[in-house]
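Me: Could you take a close look at one part of this model for me, the nonpolar patch on its surface, and walk me through what surrounds it?

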Amino acid sequence: MRIEAYNQVMQVYGKQKVKRTEKSSSAVSARDALELSGTGKDLQTARAAVAEAADVRKELTTPLKEKIQAGTYNVTGESFAEKLLEQMEALA
């Protein structure tokens, strides 16, 4: 498509101005309203609480980091598997 032809077409349409109707002053304007359900309010409260909570619990991670850095943190495959199975059973 040629750009010149497009511009000519747009000029034709641009000359036809649309008349806007004026609103009468006696018209009552409707307003939209938003009302949250009890569940929505609970969800909003929960989101705010999660946003304020820390992402990492330092009191649990700091001792583990220290053991790892010192080279004294050892986990056997058996103990890991046992903990994993306990978690799976708790979910079932």
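**The nonpolar patch and its helices**

Reply: Happy to! Helix α4 gives the nonpolar patch its largest share, four residues. Do keep in mind that this is a predicted model. The patch sits on the surface and is formed by L64, I68, Y73, V75, F80, L84, M88 and L91, which together have about 840 Å² of accessible area. Two elements, α3 and α4, each give two or more residues to this patch.

Let's take α3 next, which covers residues 58-70. One of the patch residues, L64, is found in this helix. L64 has a relative accessibility of 38%, so it counts as partly exposed, since that class lies between the 20% limit for buried and the 50% limit for exposed. The helix as a whole is hardly covered: of its 13 residues, the count of buried ones is zero. Its length also checks out, because 13 residues at 1.5 Å a residue should span 18 Å, and the end C-alpha atoms are indeed 18 Å apart. Just after α3 comes G71, with a positive phi of about 85°.

Now back to α4, which runs over residues 77-91. Here there is a charged feature to look at as well: E78, E82, E86 and E89 form a negative surface patch. Among them, E78 lies in α4. With 63% relative accessibility, E78 counts as exposed, because the cut-off for that class is over 50%.

Conventions. Residues are numbered from 1 along each chain as its sequence is written. This is a predicted model: local features need pLDDT of at least 70, side-chain atom pairs count only at pLDDT 80 or more; totals for chains, interfaces and linings use all residues. Side-chain values use heavy atoms; hydrogens and water are left out. Patches are made of residues with over 30% relative accessible area and no salt bridge: like charges are joined within 9 Å, nonpolar side chains (Val, Leu, Ile, Met, Phe, Trp, Tyr) within 5 Å. Accessible areas come from the Shrake-Rupley method with a 1.4 Å probe; for residues, only the protein chains shown count as cover. A salt bridge is a side-chain nitrogen of Lys or Arg within 4 Å of a carboxyl oxygen of Asp or Glu. Lys and Arg count as positive and Asp and Glu as negative; His and the chain ends are not counted. The place of a charge is taken as NZ of Lys, CZ of Arg, CG of Asp or CD of Glu. Buried means under 20% relative accessible area, exposed over 50%, partly exposed in between (1.4 Å probe, protein chains only). The expected span of a helix is 1.5 Å times one less than its number of residues.
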